[in-house]
Amino acid sequence: MATIDRTDAPFDLDSEDLYEHYRMMFLIRRFEEAAERQYKAARIGGYCHLSSGQEATTVGAVAALEEDDLLVTGYRCHGFALARGVPAEAVMAELFGRAHGCAHGRGGSMHLLDVSRGYYGGWGIVGGQLPIATGMALSLVRRGAEQAVLCELGDGAVNMGAWHESLNLAAVWKLPVVFLVINNKYGMGTSVERASAEPDIFKRAAAYRMEGERVDGDDLEQMEAATSRLLKRAREERRPAVLEAMTYRYRGHSVADAGLAYRTKEEIEERRREDPLVRTRELLEARGVPGEGIDALEIEVEAEVEAAVAFAEHDEAPAVDRLAAGVYTPGSEEQFERMRPGGPFGEAELVFAGGLGA
Ligand SMILES: Cc1ncc(C[n+]2csc(CCOP(=O)(O)OP(=O)(O)O)c2C)c(N)n1
Ligand SMILES: [Mg+2]
């Protein structure tokens, strides 16, 4: 067992993989920009959390998964779905709440899902994905499968009880799960330093006698290398681990947040100067891929995002009588039969004991 602040292990991707990864990072960036525009035009409802700035973390982590590994994430999940191979059209249509969205329009931005690709969501309750991922890892062990679960969470989720319970069980039962903590420095409006007694999150793995590593999440190659290493151990030796990826989100917590109440404009500008997209493009050019080729790729990706928006706009709304399909267990309808709008269990008015004032 080791707790390591590791940034130096050499790992070079070949230029073909690097090219594909850059393409995905660029797709995620442009997708998020389009989502923000569509949200502000009121075509996307509910919440919408963007991951601009975190692309190397997302793409590096997902690239480390084997095809039959399982992925579970929090709500900042557009990039994860795209990187796992869900078509941009299906992700955008889900944001629009349309029938051909990857969760049939029933989930929206926070609850993306594609079980056919081993992507088990998109969870909106902070920390809620941890017990789910842990249970999935237990089921892999029970079935004797040599697969692993990658469970993404934010720095804000590590102070939830579910973190302790899940890490404890994962270690006691030796479950094949890697907890990927995306440390983007902030929760919804509070910094890690203010919210966490131990802000070096990777060190907390030691409390569960688990491996803990910290990696520069904006370094695509380091990110993939670290995730691969830990997932391999999880698969082959059933050793769970914590991987803390250091990165930054450029936009607010959600589209509705300007993101300036708890950090300065200068800090954002400074971080933007170390944009992982620029870093990866430079790497690509240094490995001999000509700039014109990369420009062409970017134009192609922009067209793909435009097409995804057009698809979502023209896609149909889900049938109202199918809205609960797959949401409740078949046979549980009776439980909801008495529910009525405004008075779910038939109550006619709210009664406050002692009245509403003097
Ligand atoms: C149990 C619960 N409490 C509060 C919230 C509201 N909430 C949504 S996101 C968030 C902050 C989470 O921050 P972090 O885990 O760092 O993820 P990030 O947003 O940085 O990706 C909070 C408090 C929630 N969704 N669930
Ligand atoms: Mg955070």
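How many bridges join strand β2 to strand β3 (residues 119-122)? Two bridges join these strands, which run parallel, where strands (E, at least two residues) and helices (H or I, at least four) are DSSP runs numbered from the N terminus, and two strands pair if DSSP finds at least two bridges between them. The structure is a predicted model, in which local features need pLDDT of at least 70 and side-chain atom pairs count only at pLDDT 80 or more, while totals for chains, interfaces and linings use all residues. Residues are numbered from 1 along each chain as its sequence is written, and chains are lettered from A and ligands numbered from 1 in the order in which they are written.

Strand β2 spans residues 70-73, and both of its faces are covered, with L70 and V72 on one side and L71 and T73 on the other, all of them buried; a residue is buried if 20 or more other C-beta atoms, placed from the backbone, lie within 10 Å of its own, exposed if 12 or fewer, and partly exposed in between. Within the pairing with β3, L71 stands opposite Y119. Strand β2 is also joined by three bridges to strand β4 (residues 149-154), again in a parallel arrangement, and here C151 is the bridge partner of V72, while L150 is that of L71.

Strand β4 is itself mostly covered, six of its six residues being buried, with V149, C151 and L153 on one face and L150, E152 and G154 on the other. In a regular strand the side chains alternate between the two faces of the sheet. Six bridges join β4 to the parallel strand β5 (residues 177-183), in which I182 is the bridge partner of G154. Together with helix α6 (residues 161-172), β4 and β5 make a right-handed β-α-β unit, right-handed meaning that, with the strands pointing away from the viewer, the path from the first strand over the helix to the second runs clockwise.

A second right-handed β-α-β unit is made by β6, helix α8 (residues 220-237) and β7. Strand β6 (residues 211-216) is largely enclosed by the rest of the structure, because six of its six residues are buried. Six bridges join β6 to the parallel strand β7 (residues 241-246), and D216 stands opposite M246. E211, which lies in β6, is buried with 22 other C-beta atoms within 10 Å, and its C-alpha atom is 7.3 Å from that of P240, although the two are 29 residues apart in sequence.

The largest nonpolar core, a set of buried Ala, Val, Leu, Ile, Met, Phe, Trp, Tyr and Cys residues joined through C-beta atoms within 7 Å, holds 92 residues, of which V149, V177 and V178 touch the most other members. Helix α1 (residues 15-40) gives the largest share of this core, 10 residues. Leaving aside neighbours within four places in sequence, V178 is in contact (C-beta atoms, placed from the backbone, within 7 Å) with A148, L150, L230, L231, A234, P240, A241 and L243.

Helix α2 (residues 55-63) is largely enclosed by the rest of the structure, since eight of its nine residues are buried. A310, found in helix α11 (residues 291-314), counts by contrast as exposed, with 12 C-beta neighbours inside 10 Å.

Around ligand 1 there are 13 residues, of which V126, G154, G156, G187 and M188 come nearest, a residue being near if its C-beta atom, placed from the backbone, lies within 6 Å of the molecule.

How values were computed. Two residues are in contact if their C-beta atoms, placed from the backbone, lie within 7 Å.
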